[in-house]
Amino acid sequence: MSHIIVLPGLGGSGEGHWQTLWEQENPEMRRFQPASWDRPELADWLAALDREISGFKTPPVLVVHSLACQLVAHWAASAPARILGAFLVSAPDPTGDIYLTEAPSFANPPRQRLPFPSLLVTSTNDPFGSFAYATESATVWGSELINAGALGHINANSGIGDWPEGRALFDRFRTGLA
């Protein structure tokens with residue numbers, strides 16, 4: 001059985017966020033720990049991800065939200081494939097009208113195929129990344145794309161609680177990695 005690393009986006013996925021709720025229910029999940037959730041620096045987040053991955057003897061699976069999708073794209077461009085796969089949710093568009101201005105070092109993520117299996121779940125009305133951007137990202141990254149419907153940024157504000165549909169998608173993805 002593989003370990004799971006949770007990679008929240010800006011702010012660290014608070015109490016009502018599906019990532020936090022999943023962690024509380026699953027002892028296999030462990031959250032990576034950068035120096036700051038609110039003032040993210042790419043170099044620090046990359047080092048935190050490397051530290052977390054190196055703590056496992058076997059490659060883990062990543063559960064990724066928002067800004068951390070760009071972290072994974074940056075990380076994958078220079079790191080050996082030491083993970084089984086990445087479950088990516090709500091990738092923000094760094095060229096969009098609304099972008100996470102608190103994270104300029106994450107801009108311009110490499111636009112290349114990820115060297116591991118990935119699934120990108122997106123919403124049709126995400127204010128941080130259009131459906132078209134998600135479709136293009138899935139194509140570039142070699143990710144399977146799932147349209148979750150109109151769920152906003154697929155976070156606590158979306159009113160989805162522990163997001164059972166997402167958990168089913170993750171379980172299916174994870175099972176396919178074995």
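Let's start with one residue: E41 is partly exposed, with a relative accessible area of 47%. The scale is simple: buried is under 20% relative accessible area, exposed is over 50%, and partly exposed is in between, with a 1.4 Å probe and protein chains only.

A word on the source. This is a predicted model, where local features need pLDDT of at least 70, side-chain atom pairs count only at pLDDT 80 or more, and totals for chains, interfaces and linings use all residues. Residues are numbered from 1 along each chain as its sequence is written, and side-chain values use heavy atoms, without hydrogens and water.

Back to E41. It sits in the loop between β2 (29-31) and α2. Helices (H or I, at least four residues) and strands (E, at least two) are DSSP runs, numbered from the N terminus. What does E41 touch, leaving aside neighbours within four places in sequence? S105 and F106. Contact here means heavy atoms within 4.5 Å. E41 and S105 are 64 residues apart in sequence, yet their C-alpha atoms are 6.1 Å apart.

Now the inside. The largest nonpolar core has 34 residues, and L7, F32, L62 and L88 have the most contacts within it. Such a core is a set of buried Ala, Val, Leu, Ile, Met, Phe, Trp, Tyr and Cys residues joined through side-chain atoms within 4.5 Å. Helix α3 gives the most to this core, 8 residues. Take L7: beyond four places in sequence, its contacts include F32, L49, L62 and V72. Apart from that core lies another, of 19 residues, including W22, I154, L169 and F173.

Next, the rings. There are 13 aromatic pairs. Rings of Phe, Tyr and Trp (its six-membered ring) pair if their centres lie within 6.5 Å; planes under 30 degrees apart are stacked, over 60 edge-to-face, the rest tilted. Why is the pair F87 and W163 tilted? Their planes stand at 45°, with centres 6.4 Å apart. F87 is in strand β4 and W163 in the loop between β6 (144-147) and α5 (164-177), 76 residues apart. F87 is buried at 0%, and W163 is buried at 2%. Both belong to one aromatic cluster with W18, W22, F170 and F173.

Last, helix α5. Its buried residues are G166, L169, F170, F173, R174 and L177. They fall within an arc of 130° seen down the axis, so they line one face. That arc is taken from the directions from the helix axis to the C-beta atoms. The face turned away carries the exposed E165, T175 and G176.
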